[in-house]
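Me: Here's a model I'd like to go through with you. Please take one part of it, the charged side chains and how covered they are, and look at that closely. After that, feel free to wander to other spots worth a look.

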Amino acid sequence: MTDELKPIPLFNLKEQHDSLKQEINAAAMEALNSMHWLLGPQTEKFEEEFADLIGVKHCITCSSGASAIQIALAAAGVGPGDEVITTPFTFIATTSSVSLTGAKFVFADIDPRTYNIDVQDVERKITKKTKAILPVHLYGYPANMDAIMHLANEHGLKVIEDCAQAHLAMADGVKVGGIGDAGCFSFYPSKNLGACGDAGCVTTNDDEIADRCRSLRHSGRAKDKAYEYDLEGSTLRMDEIQAAILRVKLPHLEEWTEKRRKAAAWYAEGLEGVPVVLPPTPPAGYAQSYYVYTIRAEKRDELQAYLKANNIGCAVYYPVPLYKQPAYKNRGFKAEDYPEAEKAAKEVLSIPMFPEITEEQVRRVCETIRAFYEKDATI
Ligand SMILES: Cc1ncc(COP(=O)(O)O)c(C=O)c1O
């Protein structure tokens, strides 16, 4: 196969895994043989290291990004009878985690430029029952945290950040996960920091939220008491093997993020003059983590088919906004209430992005996209 036809994947987990395989295997074996399989020294050290990197007081690991959102909301006092305002343009774990607390989620539309929650619409959706705002830093681009925190302070609301796609993204000079009352990260394998299985964590500067998260992930156990339960929690711990593996990868996260940013700069250069909308340029003090590189394109479905035919991986995040999901069909949502999410779902396309992507690969993706529109122009 010539280089021109070699597939360029959307993600490339294998290359990164292979480069660290020996260290990962050794760390996993050590954790396995230690017989401290849950909440042992690897978990404790990883929690310290991740908290340091994000710049927060506490990191509480748990079984997934979804469970992180669930326990963070519950720890912040969200429960039955409460409303949580969030975006419909996200992965379903954002909203299913709200439902698992017994609270109700309410959608605000998105900002068409950043795909993140539109703060003016959030304000319109606030009622007496609103308890929290749950912004998602979609694709790794930080939500408008300054305005969200301002609004939350004005109305006495909690802010729980969904940082599943945004490790090391930054808003107003502060890393996401350290701005609201708590941040929720996913370490799903494809994420910017990925475990070899499911894992996640909550970050917070709030001692009480941290204590409650520690309890909620561990059956609701009272601090330092084996069979006394302050809360009704569940079995939502991360295991030691994942902590050991994450500790091998963590020292590389900053460098991997820089490589993603470099690839984004190659895309911006290579797509100049092509009729697609590029991801927003972060203002001063903001930084994107480029979990994915998402363009907005006319004739999106045809472009996607063309890229696939040319061996270039691409995907739509998300083709069906949450208000249209069968799981939510009886909730009375109307698509016309979310015109920007509706449009974005028809136009966005994520193209290959991973730290190891080469300049040549990015160039080939850009040239293929350019060729698609030039071919079209000549028909
Ligand atoms: C925006 C968003 N929120 C929440 C999650 C849930 O994370 P996990 O898959 O680790 O439960 C994900 C992960 O896919 C996500 O992308």
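Reply: First, the cut-offs we'll lean on: a residue is buried under 20% relative accessible area, exposed over 50%, and partly exposed in between. Keep in mind, too, that this is a predicted model.

Let's start with Lys324 and Glu342. They form a salt bridge, and their closest N and O atoms are 2.5 Å apart. Lys324 sits in the loop between helix 10 (300-309) and helix 11 (339-347), while Glu342 is in helix 11 itself, so the pair ties together parts that are 18 residues apart in sequence. How covered are the two ends? Lys324 has 42% relative accessibility, so it goes down as partly exposed. Glu342 has 15%, so this end of the bridge counts as buried.

That loop has something else in it. Tyr317 and Tyr318 are joined by a cis peptide bond, with omega at about 15 degrees. Tyr318, like Lys324, belongs to the loop between helix 10 and helix 11. If you're scrolling through that stretch, the cis bond and the lysine end of the salt bridge are both worth a stop.

Now for the wider count: the structure holds 18 salt bridges. Another one pairs Asp121 with Lys125, at 3.2 Å between the closest N and O atoms. Here the partners are in helix 5, four residues apart, so about one helical turn separates them. Asp121 is the buried partner, because its relative accessible area is just 7%. Lys125 comes in at 21%, so it counts as partly exposed.

Helix 1 (residues 13-34) has a pair of its own: Asp18 and Lys21, three residues apart, or about one turn of the helix. Their side chains meet in a salt bridge at 3.6 Å, N to O. Neither end is buried here: Asp18 is partly exposed at 35% relative accessibility, and Lys21 is partly exposed as well, at 38%. There's also a third player, since Lys14 is linked with Asp18 and Lys21 in a network of salt bridges.

Not every charge ends up in a bridge, though. Glu269, Glu272, Glu359 and Glu360 gather on the surface as a patch of negative charge, and patch members are residues that have no salt bridge. Of these, Glu359 is placed in helix 12 (residues 359-378). Its relative accessibility is 35%, so Glu359 is partly exposed.

Two more acidic residues catch the eye for their backbone. Asp172 has a positive phi of about 50 degrees, even though it isn't a glycine. You'll find Asp172 in the loop between strand 6 (170-171) and strand 7 (174-175), and its 43% relative accessible area makes it partly exposed. Asp224 also has a positive phi, near 60 degrees, and it sits in the loop between helix 7 (207-216) and helix 8 (240-249). At 78% relative accessibility, Asp224 is properly exposed.

For contrast, have a look at the uncharged side of things. Met29, Leu32, Met35, Trp37, Leu38 and Leu39 make up a nonpolar patch on the surface, and together they have about 570 Å² of accessible area. One of them, Leu39, lies in the loop between helix 1 and helix 2 (41-54). Leu39 is partly exposed, at 31% relative accessibility.

Helix 4 (residues 93-100) shows you the inside instead: Ala93, Thr94, Thr95, Ser97 and Val98 are buried there. What do those buried residues pack against? Their partners are helix 3 (65-75), strand 2 (83-86), strand 3 (104-107), strand 4 (130-134) and strand 5 (158-162). Just past the end of helix 4, Gly102 takes a positive phi of about 95 degrees.

Finally, carry on along the chain to Thr114, in the loop between strand 3 and helix 5 (119-125). With 15% relative accessibility, Thr114 counts as buried. Beyond its neighbours within four places in sequence, Thr114 is in contact with Tyr141 and Pro280. Helix 5 then brings you back to Asp121 and Lys125 and their salt bridge.

Note on methods: Residues are numbered from 1 along each chain as its sequence is written. This is a predicted model: local features need pLDDT of at least 70, side-chain atom pairs count only at pLDDT 80 or more; totals for chains, interfaces and linings use all residues. Side-chain values use heavy atoms; hydrogens and water are left out. Patches are made of residues with over 30% relative accessible area and no salt bridge: like charges are joined within 9 Å, nonpolar side chains (Val, Leu, Ile, Met, Phe, Trp, Tyr) within 5 Å. Accessible areas come from the Shrake-Rupley method with a 1.4 Å probe; for residues, only the protein chains shown count as cover. A salt bridge is a side-chain nitrogen of Lys or Arg within 4 Å of a carboxyl oxygen of Asp or Glu. Lys and Arg count as positive and Asp and Glu as negative; His and the chain ends are not counted. The place of a charge is taken as NZ of Lys, CZ of Arg, CG of Asp or CD of Glu. Helices (H or I, at least four residues) and strands (E, at least two) are DSSP runs, numbered from the N terminus. Buried means under 20% relative accessible area, exposed over 50%, partly exposed in between (1.4 Å probe, protein chains only). Contact means heavy atoms within 4.5 Å.
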